[in-house]
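Trainee: I am new to this model and would like a close look at a single part of it. Please start with its overall form and then go on to its side chains.

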Amino acid sequence: MTEQTIATTERRPARPSPRPSGSTAGRARTRPKTGNLRKGEAFWGYLLIAPTAIGLLTLSIWPAIQTFSFSFTTWGSFGGHTFTGLDNYVAVLQDPEFGQALINTFLFTGMTLISVPLAIGLAALLNRRGLRGVGVYRTLYFLPVVTLPAAIALVWKLLYNGDFGLVNWFLGIFGVHGVSWLANGSTAIYAIGIVSIWSSIGYNMVLFLAGMQAIPAEYYEAASIDGAGPLRQFFRITVPLITPTTFFVAVITVINSLQAFDLVYLMVGPTSPAIQNAETVVYLFYQKGIIQGQGGYAAAIVFVLLLIILVLTLFQFRFQKRWVHYG
Amino acid sequence: MKIAPSPRRRRVLFSGLAAAASVALLLTGCSSGGSGSGGKVTITYGIWDNTQEPVMKQIAAEFEKANPDITVKVQLTPWDSYWTKLKTAATGGSAPDTFWMNDANFAQYASGGAIKDLQPMLAKSSVSMSDYVPAQAKAYTYKGDVYGIPKDVDSIALWYNKKLFQEAGVQPPTASWTGDDLLAAAQKLTDPATGVFGIVAQSTDQQSYYTTIPQMGGQVISADKKKSGYDTPEAIKAITFWTDMINKYHVSPTLQAQTDTAADNMFEAGKVAMIYEGSWAAAEFAAVPYTKQNADVAPLPTLVKPGGVSNGLGNVMSARTPHPDQAWKWLEFLGGEKAAALQAQSGIVIPAYQSAQDAWLKSPLSKTYNLQAFIDDLKVATAYPSSEATAVWQDAVQTEMNKAWTGDETPAEAAHNSATIMNKALAAEK
């Protein structure tokens, strides 16, 4: 990913780092040039983007268009669709299970967002000069990112086990009698949220580390000469100057968490009594579309989700002017 | 923790492996039998139970000996992903040539045209549907035509831990037990000091309410498959029978505890003294030294009247197989005496082929367990409840029942909600 640049006089307005807005800025700048390209160059250009473009078109864009058209149909058992207009959308919006899934998804997303400030704090600690064994720490925190979600889910499932889980053993030391965390409707979504925080900290931390290393050392030198302590430096220099990264991480975290599926599927699953209080929108989509064969209904579910993601992301982009400093 | 799912059990441990496999299978789909060039034809056979895989391969080898021009390829897909994969493959036309079917899903596949009507072939064949358990022969008939050849049947019986019974000074269960005897024994066997419960009240349909509803004189689905029977006093009593064991008498672990540690594993660890479990569990329990030594099985206690539920498997043919003649030969062989005998001797399943059931009673497992209990229960069992839209209502009903098990809803509330869900799905079928 591209890194944000810190204020320099010759580059104003500075190019924002996050991919979404960065791409539009890039396109605007290169547009006048395309006319000058010789035909041969254009041909090679298209040839080089062809593998990605074809993959994207056939594996993402075309299925998305198909899914959109499916959302207006009702499916037969083995193929065959009948057009039913907006029926699916009406049914989705009236389905209390969808409402509950939406609440669960927002709770999960909200919890996962806690990983953002935690990652900033960790990155700041690991960015201190002269810290010994920094490579070891960074590897340790990054480990969850390269671990299979299935393995993570399995290990956490054991930790959360009501009878012999380590979590309850630990609570037992303090005389607290723990419950079956993943099987209780009131605790399951939070238990999964904690795993989500734990597993996304590492990735976010690396992004923040990169952001912090782009901050010129002079700022800190100047600040310390003026008598600012480490905490003050962190809040007055580091935090404001990494806001472009923070913005990017927040946008991506929200988009990813709204599509959460694997942890719910692997850690709770359809037979748990807690599933209705833990299922996310995408899990509901899987259950309706793949297990119950109601493809049209499931397609409508994901398009409602797409709309929600779109609105939330647009809102984040609007709101960024208030707090993101591009220098 | 166990990874292998038991046949037909809907409560399964979600293992990472199975989930990863399901995703991989979704992506790759499945390839149908090879080309018939050179006279040699390959027939694929989809199954889900890894404990039965060796027997199935043995039967395939016997078949190939008799039919040198046909090769049978057994394709194992774990239960967790079997139906998902099969449905995708059947829709796309790449389902295995022949595959396992169960009572719950049969009507959907037959009405959807995904499996072949076997009636024309049956007419010219030596296979006679009267050789099979009548309920299963009927279960694989759709609108008067046979679409599947019954493979095996199961029944539920009362498994108990001899050692725990002896230690608590309780007489082992007998065929004359009633629901009250069961509860009294469970209360005596429950010991908070050692963490042992008298019984485990599972919420998995077949091992719980599907068994007790007919015993209370009710029914899950009406005979014409148009109406739910959940909102009857009999059904509500049958559900309360189980929920009381958890929430009133405290003689069973909670459903939450069973979600963390599967009920079978609790029984295998000596943490529960009794469990309603299927005939398929015999091989599973015998594989664990503790239950091999300490467990045995008795016929179900009678509530209001004798009864129970029996699920079964059938062998079916994909409607779009390129080799229907060879596939039929294979189905014929699978439905025959020899295949039934091989399955019976393995002891894993009760063959649907009735005359082979004696061989099952003499299988090596009979030296460990009183297998006759299952045959006794099979005689009074009714067919597994199903309709064309089983998949739509079955899971939703299970979710409702779970709420009664955890005490979030009363049994009456859960029963009425279940009836509403089911009646709506049944009405949408036609």
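What radius of gyration does chain B have, and what value would a compact globule with 430 residues be near?

Mentor: Happy to help! The radius of gyration of chain B is 21 Å, and a compact globule with 430 residues would be near 22 Å, so the two agree. The radius is taken over C-alpha atoms, and the globule rule is 2.2 Å times the number of residues to the power 0.38.

Before we go on, a word on how to read all this. This is a predicted model, where local features need pLDDT of at least 70 and side-chain atom pairs count only at pLDDT 80 or more, while totals for chains, interfaces and linings use all residues. Residues are numbered from 1 along each chain as its sequence is written, chains are lettered from A and ligands numbered from 1 in the order in which they are written, and side-chain values use heavy atoms, leaving out hydrogens and water.

Back to chain B as a whole. Along the principal axes, its C-alpha atoms fill a box of roughly 70 × 50 × 40 Å. Chain B has 20 helices and 13 strands; these are DSSP runs numbered from the N terminus, helices (H or I) having at least four residues and strands (E) at least two. Of the 430 residues in chain B, 61% are buried (under 20% relative accessible area, with exposed meaning over 50% and partly exposed in between, using a 1.4 Å probe and protein chains only). The accessible surface of chain B is about 15,800 Å², and carbon and sulfur atoms account for 55% of that surface; the areas come from the Shrake-Rupley method with a 1.4 Å probe, and for residues only the protein chains shown count as cover.

How do parts of chain B touch one another? Among its contacts with a separation of 6 or more, 76% are between residues 24 or more positions apart (contact means heavy atoms within 4.5 Å).

Now for the charged side chains. Side chains of opposite charge can pair when their charged atoms come close. A salt bridge is a side-chain nitrogen of Lys or Arg within 4 Å of a carboxyl oxygen of Asp or Glu, and by this rule there are 7 over all chains.

Helix H2 of chain B, residues 53-66, is a good place to look. There B:Lys57 and B:Glu53 form a salt bridge, with their closest N and O atoms 3.4 Å apart. They are separated by about one helical turn because they are 4 residues apart in the helix. B:Lys57 is partly exposed, at 45% relative accessibility. Helix H2 also holds B:Glu62 and B:Lys65, 3 residues apart and so separated by about one helical turn. The closest N and O atoms of their salt bridge are 3.7 Å apart, and B:Lys65 counts as exposed at 65% relative accessibility.

Next comes helix H7 (residues 162-168) of chain B, where B:Lys163 and B:Glu167 lie 4 residues apart, about one turn of the helix. Their side chains meet in a salt bridge at 3.9 Å, N to O. B:Lys163 is partly exposed at 36% relative accessibility, while B:Glu167 is exposed at 57%. Salt bridges with shared partners also join B:Glu62, B:Lys65 and B:Lys338 into one network.
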